[in-house]
Amino acid sequence: MPHVVRVRAPEGVAQAPGYSHTVWGTGRIVAIAGQVAMDEQGHLVGPGDPTAQARQVFENLRRCLAAAGATFADVIKLNYYVVDIGHLPAVRAARDAVIPAEQLPASTAVQVAALFDPGYLMEVEAWAVVPADRA
């Protein structure tokens, strides 16, 4: 059995586009703080551009996961915080570029009034489970 199991739609629950309803795994839990479109020098990437920001967010997530010995294949949950729900397609496109459809994690998307700085359009946090042989 794989170390991460995804159930797109448990019995009696309608299948949702773009995420799995239930995900579990065995191994070491890794929590990744919310990532924004900030480069290595702490500067905003893609002012006003949700596509550029989403790409940077997922690159930052990739780097954080790698620091824990994890990959996007180990992600069990993503939480999206967007200042405009209309930016969700850009977030999903960036996610789909790094996570195959058969490995979609559970997720939650929330529109928020603001983030810590008005230039940032989104923040994404991740939970992953790293298998014991990589822990």
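Just after helix α1, Gly-69 takes a positive phi of about 75 degrees. The structure described here is a predicted model, and helix α1 is a good place to start exploring it. This helix covers residues 50-67. With 18 residues, α1 reaches 26 Å from its first C-alpha to its last, close to the 26 Å expected at 1.5 Å a residue. At the N-terminal end, α1 is capped by Asp-49, which places a side-chain oxygen 3.0 Å from the backbone nitrogen of Thr-51.

Part of α1 is hidden from the surroundings. The buried residues of the helix are Pro-50, Ala-52, Gln-53, Ala-54, Gln-56, Val-57, Phe-58, Asn-60, Leu-61 and Leu-65. Strand β3, strand β4, helix α2 and strand β6 (122-130) are among the elements that cover these buried residues.

Asn-60 deserves a closer look. This residue of α1 has a relative accessible area of 8%, and it counts as buried because that value is under the 20% cut-off. What does the side chain of Asn-60 reach at 2.9 Å? The partner is the backbone oxygen of Val-36. A further backbone oxygen, that of Met-38, lies 3.0 Å from the Asn-60 side chain. When residues up to four places away in sequence are set aside, Asn-60 touches Gln-35, Val-36 and Met-38.

Charged residues tell another part of the story. Side chains of opposite charge can pair when their charged atoms come close. A search of the whole structure finds four salt bridges. One of them joins Arg-63 to Glu-40, with the closest N and O atoms 3.6 Å apart. Arg-63 belongs to helix α1, whereas Glu-40 sits in the loop between β3 (28-35) and α1, so this pair ties together parts that are 23 residues apart in sequence. The two partners can be described by their accessibility: Arg-63 is partly exposed, with a relative accessible area of 37%, and Glu-40 is exposed, at 67%.

Other salt bridges form within the helix itself. Glu-59 pairs with Arg-62, the closest N and O atoms being 2.6 Å apart. Both residues lie in α1, three residues apart, about one turn of the helix. Glu-59 also meets Arg-63 in a salt bridge, at 2.9 Å from N to O. Here the partners are four residues apart in α1, which again corresponds to about one helical turn. Why can such pairs face each other along a helix? An α-helix has 3.6 residues a turn, so residues three or four places apart point the same way. Glu-59 is partly exposed at 24% relative accessibility, and Arg-62 is partly exposed at 40%. Taken together, Glu-40, Glu-59, Arg-62 and Arg-63 are linked in a network of salt bridges.

The nonpolar residues come next. In soluble globular proteins, nonpolar side chains tend to be buried together. The largest nonpolar core of this model has 29 residues, and Phe-58, Leu-61 and Leu-78 touch the most other members. Which elements give two or more residues to this core? They are β3, α1, β4, α2 and β6. Apart from this core lies another, of five residues, among them Val-4, Ile-76, Ala-106 and Val-129.

Leu-78 has contacts with many parts of the chain. With residues up to four places away in sequence left out, the residues touched by Leu-78 include Phe-58, Arg-95, Ile-99, Pro-105 and Ala-106. Val-124, Glu-125 and Ala-126 are also among the contacts of Leu-78.

The last residue to consider is His-87, found in the loop between β4 (75-82) and α2 (88-98). Is His-87 buried or exposed? His-87 is buried, with a relative accessible area of 14%. Leaving aside neighbours within four places in sequence, His-87 is in contact with Pro-50, Leu-121 and Met-122. Pro-50 is also one of the buried residues of α1. His-87 and Ala-66, by contrast, are 26 Å apart in space, C-alpha to C-alpha, and 21 residues apart in sequence.

How values were computed. Residues are numbered from 1 along each chain as its sequence is written. This is a predicted model: local features need pLDDT of at least 70, side-chain atom pairs count only at pLDDT 80 or more; totals for chains, interfaces and linings use all residues. Side-chain values use heavy atoms; hydrogens and water are left out. Buried means under 20% relative accessible area, exposed over 50%, partly exposed in between (1.4 Å probe, protein chains only). A polar contact is a pair of N or O atoms within 3.5 Å; within protein, one must be able to donate a hydrogen and the other to accept it, and residues adjacent in sequence count only if both atoms are side-chain atoms. Contact means heavy atoms within 4.5 Å. A salt bridge is a side-chain nitrogen of Lys or Arg within 4 Å of a carboxyl oxygen of Asp or Glu. The expected span of a helix is 1.5 Å times one less than its number of residues. A nonpolar core is a set of buried Ala, Val, Leu, Ile, Met, Phe, Trp, Tyr and Cys residues joined through side-chain atoms within 4.5 Å.
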